[in-house]
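Please walk through this protein chain with attention to its open spaces, its charged pairs and one residue of its interior.

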Amino acid sequence: MDHFVYRDGQLHAEDVPLAEIARAVGTPFYCYSDATLTRHFGLFGQALAGLDHLICYAVKANSNLAVLRRLGDLGAGMDVVSGGEYRRARAAGVPGERIVFSGVGKTREEMRLALEGGIRQFNVESDPELEALSEVAASMGATAPIALRLNPDVDAGTHDKIATGRREDKFGVPIARAREIYARAAALPGIAVVGADMHIGSQLTDLAPFEAAYTKLADLTRALRADGHAITRLDLGGGLGIPYSRSNEVPPLPLDYGALVKRIFAGMDVEIEIEPGRLIVGNAGVLVSQVIYDKPGEGRRFLILDAAMNDLIRPAMYGAYHDIVPLTEPDPAIAPEVFDIVGPVCESGDTFARGRPLPPLVAGDLVAFRSAGAYGAVMASEYNTRPLIPEVMVRGDQFAVIRARPTFDEMLARDTIPEWL
Ligand code: LLP
């Protein structure tokens, strides 16, 4: 459920017509609904109620400071994967004790930054990373709390590019080596073992892979405790999918996920952390765009929008489906027409949808891509020297630009032509 609904024939974000925002900020733009964000964050709280837990929002999904501030105020912790994301979480007011640091390639500089600023735990992904962290922490006279990210060799059954828990994926260490690496960690200066971690992939639409992975994690936790390690936290990662298409996809609900987590971990006397990103922000955002041309092709019709793959790369990169709807509510009595929905960028990959039935649309009409709040704005680029598009947040009847569109002067000023050229 989200708060982008037709009212008086116009698609609204909460109480604001999206067309009004389009007039104020120009197209294309991203728009987020605070009520939807809040609702989806709350679903995880309900799902894990009764368990000692912390919801560490995966900052990578949408890292706008306003989004982070709101979630931080709701009590979220943060899962960061770079020094940049760590800085964003801190700038949004989230204390270090609520930030976990994930990622396969943390640099010593990033480790130092987090140790200085405060960190809940590092999710360590390899032996060399463990050694580096020990050196950095010991040189600072600090202690780095760690969880080891374990690779359970479970196929999440999602898109190949976002499955992370198979043995051939670059993430984590094999479970078979876990006890040996924990023993090493326990002996290293500057390291304090606090837990274990997993994240098997993103946009999972089935609970079975979670169940397989978490069962392995629970078994390993018992073995590690028997070895004398204080495993007080288990980080279960993120990955719960969302419905992108209203018609066919029905991912499990957070409540079902929570029931699974409780079934496996309740009674283990352990604090549970989860790292959801997409489920919290995905359906809390839309991308609004304007039709530039309705171009006749050979046996097809191209609807050329002012948004492109540089603004929303998911269809080009993963073949991802996004619902596209007109801002003016369509008349159900009028038959849909079939379009290829494309952007202006100079490659054929800049295609959002092929053969998509839509209500009749003409140049100047506005459309919204649904479920664009996660992995939308954060993955945007300036390809074709197209400025990053603005982000807007709505609460009730108010809206605010939470990232402004840069000017071309600002964009060009970042380049330097050497004097000697
Ligand atoms: N934790 C870790 C360690 C992760 O790598 C990720 C996502 C998450 C949590 C959050 O997963 P979520 O709950 O959002 O599924 N750009 C792709 C998705 C990449 C996901 C990367 N890791 C897309 O647009 O589908």
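The paragraphs below take up the pockets, then the salt bridges, and finally a single leucine. The model is a predicted one, and what is said here should be read with that in mind.

The largest pocket is a suitable place to begin, and about 640 Å³ of space lies in it. Its lining is made up of 33 residues, and those that lie nearest the centre are Lys60, Thr164, Phe171, His199 and Tyr375. Two elements, helix H10 (278–281) and helix H11 (314–318), give two or more residues each to this lining, and H11 gives the most, with three residues. Sorted by class, the residues that line the largest pocket are 13 nonpolar, ten polar and ten charged. In terms of domains, at least three lining residues come from domain 1 (4–31 + 282–413), and at least three from domain 2 (103–274).

The second largest pocket has a volume of about 440 Å³, and 23 residues line it, with Met1, His40, Pro243, Leu253 and Asn283 lying nearest its centre. The elements that contribute two or more residues to this lining are helix H2 (34–47), helix H9 (254–265) and H10; of the elements, H2 provides the largest share, four residues. By class, the lining of the second largest pocket consists of eleven nonpolar, six polar and six charged residues. Where does the second largest pocket lie with respect to domain 1 and domain 2? Because domain 1 (4–31 + 282–413) and domain 2 (103–274) both give residues to the lining, the second largest pocket lies between them.

Turning to the charged side chains, the structure holds 28 salt bridges. In one of them, the side chains of Arg370 and Asp2 meet with an N to O distance of 3.5 Å. Arg370 lies in the loop between strand S19 (366–369) and strand S20 (391–395), whereas Asp2 lies in the segment before strand S1 (4–7), so this pair ties together parts that are 368 residues apart in sequence. Both Arg370 and Asp2 are buried.

A further salt bridge is formed by Glu273 with Arg233, whose closest N and O atoms are 3.8 Å apart. This pair also links distant parts of the chain, since Glu273 belongs to strand S13 (residues 271–274) and Arg233 to strand S12 (residues 233–235), 40 residues apart. Glu273 and Arg233 are both buried.

Asp294 and Arg301 form another salt bridge, with the closest N and O atoms 2.7 Å apart. Which level of exposure do these two partners have? Asp294 is partly exposed, with a relative accessible area of 29%, and Arg301 is likewise partly exposed, at 27%. Elsewhere, salt bridges that share partners join Arg120, Arg233, Glu271 and Glu273 into one network.

The last stop is Leu303, which is found in strand S15 (residues 301–305). Is Leu303 buried or exposed? With a relative accessibility of 0%, Leu303 counts as buried, because buried means under 20% relative accessible area. Leaving aside residues up to four places away in sequence, Leu303 touches Val291, Tyr293, Asp294, Phe339, Asp340, Ile341, Val342, Leu358 and Leu361. One of these contacts, Asp294, is the residue described above as the salt-bridge partner of Arg301. Finally, Leu303 and Val338 are 35 residues apart in sequence, and their C-alpha atoms are 9.6 Å apart in space.

Definitions and conventions: Residues are numbered from 1 along each chain as its sequence is written. This is a predicted model: local features need pLDDT of at least 70, side-chain atom pairs count only at pLDDT 80 or more; totals for chains, interfaces and linings use all residues. Side-chain values use heavy atoms; hydrogens and water are left out. Buried means under 20% relative accessible area, exposed over 50%, partly exposed in between (1.4 Å probe, protein chains only). Contact means heavy atoms within 4.5 Å. On a 1 Å grid over the protein atoms alone, a cavity is a set of points where a 1.4 Å probe fits but cannot get out, and a pocket is an open set with protein on both sides within 12 Å along at least five of seven lines; lining residues have an atom within 4 Å of a point. Grid points are joined across faces, edges and corners, and a volume is the space filled by probe spheres set on the points. Ala, Val, Leu, Ile, Met, Phe, Trp, Tyr, Cys and Pro count as nonpolar, Asp, Glu, Lys and Arg as charged, and the others, Gly among them, as polar. Domain bounds come from an automatic or database domain assignment. A salt bridge is a side-chain nitrogen of Lys or Arg within 4 Å of a carboxyl oxygen of Asp or Glu.
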